[in-house]
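User: Could you take a close look at one part of this structure with me? I'd like to see how a single strand sits among its neighbours, with a bit of the wider picture around it.

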Amino acid sequence: MTETSNGNPNYQPKGKIKINTPPPPIQTAPQASTKYKGVKHTIMVMSGKGGVGKSTFSVNIAVTLARKYRVGLIDADINGPDDPKLLGVTKEKLYTQDGGILPIDSPYGVKVISMAFLLPDEKTAVIWRGALRHKAVQQFLEDTIWDNIDYGILDFPPGTGDEALTVSQLVPQADGVVIVVTPQDLALLDAKKAINFAEQMHIKVLGIVENMSGFACPHCGEITDIFRSGGAEELAKELNIPFLGKIPIFPEIVQNGDEGIPAVEASEKVREVYEKIAEKLLNQIERKQ
Ligand SMILES: Nc1ncnc2c1ncn2[C@@H]1O[C@H](COP(=O)(O)OP(=O)(O)OP(=O)(O)O)[C@@H](O)[C@H]1O
């Protein structure tokens, strides 16, 4: 006996795959507007864990690069925007020009945009859910006037949340991500998650930096390993990722940070460490091209 539909509109012949719903249309990733196209290279700075020195690194590497290049810093940490404080530009407010937002010119040659410029004071907390934070990061990228910027540094909140996802969609041309870790096991474990996130998003890991790697004596400069050190380098080897360098605990980093002076401006020793890291980082970007 042959099968018939008997007038049933949902009839499917046996042995064939039953399709109940049509497949979803293929989505095209949103693209950052022409304004962000003024940025030639994008470096994302991430960490798996909070408090490892990601903002300190972002600001100091931005100031280091700004000695030779035009640099923009996007503080993508919407709920905890610290970059203006570290650059000593806490009183500034944002203005618009020709329909775009003008980033703030810091005294160290870095143009910066941050949620902090929109808050009435430093004590005000931003308690925003993911969708609002997404919108803010999108505006920092799309509505800000980034003209002729060689390097755009994106400082993310810790972990692999909405902000990182937003940027990976809006800036698919990003050169890659730098992962900042501290030598402790927990931080290294969390760093693996950040690396895994980057891989899933098809973002190149430009390298790992080990921050707070031993204590640099302010008198003789000798490094003492208070915690373990070298774990990040081992992790880099294990995962076949470039290791960009170690930044010891420098007391002047805390002191200068609190005063709004990037440590690379105030300390020769810190500057030397950052310059070596910047050189390796730029090599990685060149290699990618
Ligand atoms: N190499 C260093 N030597 C000494 N102090 C450091 C060093 N790196 C960072 N710090 C200090 O550690 C503290 C945390 O740094 P920072 O705010 O940059 O961390 P973060 O990872 O951005 O934190 P968050 O979780 O808020 O994003 C700051 O007080 C900073 O001055």
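Analyst: Take the contacts in the chain between residues at least 6 apart in sequence: 78% of them join residues at least 24 apart. Keep in mind that this is a predicted model. The chain has 289 residues, and buried ones make up 45% of them. As for its elements, you can count 9 helices and 11 strands.

Now let's zoom in on strand 7, which covers residues 149-155. This strand is mostly covered, with 6 of its 7 residues buried. What does strand 7 pair with? One partner is strand 1, residues 39-46, and the two are parallel, joined over 6 bridges. To spot one of these links, find T42: its bridge partner in strand 7 is G152. Strand 2, residues 71-75, also runs parallel to strand 7, and 5 bridges hook those two up. Here you can look for D75, which stands opposite D155 of strand 7.

With strand 7 in place, have a look at the ligand too. There are 21 residues around the ligand, and the ones that come nearest are G50, G53, K54, S55 and T56. Which elements help build the shell? Helix 1 (54-66), strand 9 (205-216), strand 11 (243-249) and helix 7 (251-259) each chip in at least two residues. Sorted by class, the shell around the ligand is made of 9 nonpolar, 9 polar and 3 charged residues.

So, back to your strand: when you trace strand 7 on screen, look for strand 1 and strand 2 as its parallel partners.

Terms used: Residues are numbered from 1 along each chain as its sequence is written. This is a predicted model: local features need pLDDT of at least 70, side-chain atom pairs count only at pLDDT 80 or more; totals for chains, interfaces and linings use all residues. A residue is buried if 20 or more other C-beta atoms lie within 10 Å of its own, exposed if 12 or fewer, and partly exposed in between; C-beta atoms are placed from the backbone. Helices (H or I, at least four residues) and strands (E, at least two) are DSSP runs, numbered from the N terminus. Two strands pair if DSSP finds at least two bridges between them. A residue is near a molecule or strand if its C-beta atom, placed from the backbone, lies within 6 Å of it. Ala, Val, Leu, Ile, Met, Phe, Trp, Tyr, Cys and Pro count as nonpolar, Asp, Glu, Lys and Arg as charged, and the others, Gly among them, as polar. Two residues are in contact if their C-beta atoms, placed from the backbone, lie within 7 Å.
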